[in-house]
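Biologist: Please pick one part of this model and take me through it closely. I would like one connected account, from the part itself out to its surroundings.

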Amino acid sequence: MKLILLGAAGSGKGTLAKKITKDFGIPQLSMGDMLRDIASSGSELGKKIGDLQRQGILVSNEITFEVLKERISKNDCKNGFILDGYPRTLEQAKLLKKVTDVDAVISVELAFDEIVRRLVARRTCPKCGEIDNTAYAEYTGNCRKCQTPLFQRNDDQPESIKARLEVYKQNITPLINFYGDKVFKVSSANSPEETYKPVKNFLKNWEAKS
Ligand SMILES: [Zn+2]
């Protein structure tokens, strides 16, 4: 089962990907993680990617495509995968189609003001990377894993969130149109469990048919 997960950062798509991975036994391929792994691997490509990221330059379509092609050829992807954070643009979707066809596209939908509300409340541990949210009843201001005081990342400030959402908005419609009837839309306005339920049914039905 080859899946693409579409959704803005903060829409809850990462949590959804983890549930699908657990139930359907296919790996979650996050472009952010793949780039970080390669950057720290010491290879030629890794050094190049590391340099670009340190300068805050966006990694090109050619590079992300090479990274992806290599990753999906690995053994753990033989029964499929969930792509998270790729493709982000129509151009990337067309590149992807050159190496593989996907079976379904899950689009996680949440109103932008709700995404902003969730993300501005997000706090990160500077030591271990754990994420918490000021809206949670059990929030203390310290990391629940290592007790370090939490902080608000620059890209969780309202202005950068809104700038990212604008870019997302420009790219999402062409992607949805490109994938046509492969797209399954789900709202993440409620709990992660409520979001996952229709997705699980959809994927179970898809499995039964193929
Ligand atoms: Zn911590």
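Modeller: Take α8 as the way in: its buried residues are covered by elements that include α1, β4 and β7. Keep in mind throughout that the model is predicted. The residues in question are Thr-195, Tyr-196, Val-199 and Leu-203, the buried ones of α8. The helix itself passes a simple length check. Its 18 residues, at 1.5 Å each, should span 26 Å, and its end C-alpha atoms are indeed 26 Å apart.

Now cross to α1, residues 13–24, the part I would look at most closely. Here the 12 residues should span 16 Å, and the end C-alpha atoms are 16 Å apart, in agreement. Lys-13, Leu-16, Ala-17 and Ile-20 are its buried residues. They sit on the same side of α1, because they cover an arc of only 100 degrees around its axis. What does that buried set pack against? Four strands and a helix: β1 (2–6), β2 (28–30), β3 (81–84), β4 (104–109) and α8 (192–209). After α1 comes Gly-25, with a positive phi near 65 degrees.

The strands belong to an open sheet. It has 5 strands in the order β2-β3-β1-β4-β7, with parallel pairing. β2 and β7 (183–187) stand at the edges, each with a single partner strand, so one side of each has no neighbour in the sheet. From one strand to the next the twist averages 25 degrees.

β1 sits between β3 and β4 in that order. It is mostly covered, with 4 of its 5 residues buried. Towards β3, the parallel pairing runs over 4 bridges. There, Leu-5 has Asp-84 of β3 as its bridge partner. Towards β4, another 4 bridges join the strands, again in the parallel sense. On this side Ile-4 is bridged to Val-105 of β4. β4 in turn joins β7 through 5 bridges, also parallel. One pair there is Val-108 with Val-186 of β7.

Leu-5 is worth a stop. Leaving out residues up to four places away in sequence, it touches Lys-13, Leu-16, Ala-17, Ile-82, Leu-83, Asp-84, Ile-106 and Val-108. Three of these, Lys-13, Leu-16 and Ala-17, are among the buried residues of α1. Leu-5 also ranks high in the largest nonpolar core. That core has 26 residues, and those touching the most other members are Leu-5, Leu-16, Ile-82, Leu-83 and Ile-106. Two or more residues each come from β1, α1, α2 (31–39), α4 (61–72), β3, β4 and α8. β1 gives the largest share, 4 residues. In soluble globular proteins, nonpolar side chains tend to be buried together.

Next, the link between β1 and α1. Ser-11 lies in this loop. Is Ser-11 buried or exposed? It is buried, because 27 other C-beta atoms lie within 10 Å, and 20 are enough to count as buried. Its contacts, not counting residues up to four places away in sequence, are Val-108, Leu-110, Ile-115 and Ser-188. Ile-115 is 104 residues away along the chain, yet the C-alpha atoms of Ser-11 and Ile-115 are separated by 6.1 Å.

Another loop gives a contrast. Asp-181 is found between α7 (158–179) and β7. It counts as exposed, because it has 7 C-beta neighbours inside 10 Å. Even so, the C-alpha atoms of Asp-181 and Val-105 are 9.0 Å apart, with their positions 76 residues apart in sequence.

Finally, two backbone details in other loops. Most residues other than glycine have a negative phi, and most peptide bonds are trans. The bond from Tyr-86 to Pro-87 is cis, with omega near -5 degrees. Pro-87 lies in the loop between β3 and α5 (90–99). Gln-147 is not a glycine, yet its phi is positive, about 70 degrees. This residue is in the loop between β6 (131–133) and α7. Gln-147 is exposed, with 10 other C-beta atoms within 10 Å.

Terms used
Residues are numbered from 1 along each chain as its sequence is written. This is a predicted model: local features need pLDDT of at least 70, side-chain atom pairs count only at pLDDT 80 or more; totals for chains, interfaces and linings use all residues. The expected span of a helix is 1.5 Å times one less than its number of residues. A residue is buried if 20 or more other C-beta atoms lie within 10 Å of its own, exposed if 12 or fewer, and partly exposed in between; C-beta atoms are placed from the backbone. The arc is that of the directions from the helix axis to the C-beta atoms. Two residues are in contact if their C-beta atoms, placed from the backbone, lie within 7 Å. Two strands pair if DSSP finds at least two bridges between them. A nonpolar core is a set of buried Ala, Val, Leu, Ile, Met, Phe, Trp, Tyr and Cys residues joined through C-beta atoms within 7 Å. Axes are lines fitted to C-alpha atoms, for helices over the stretch in contact, and angles run from 0 to 180 degrees between N-to-C directions.
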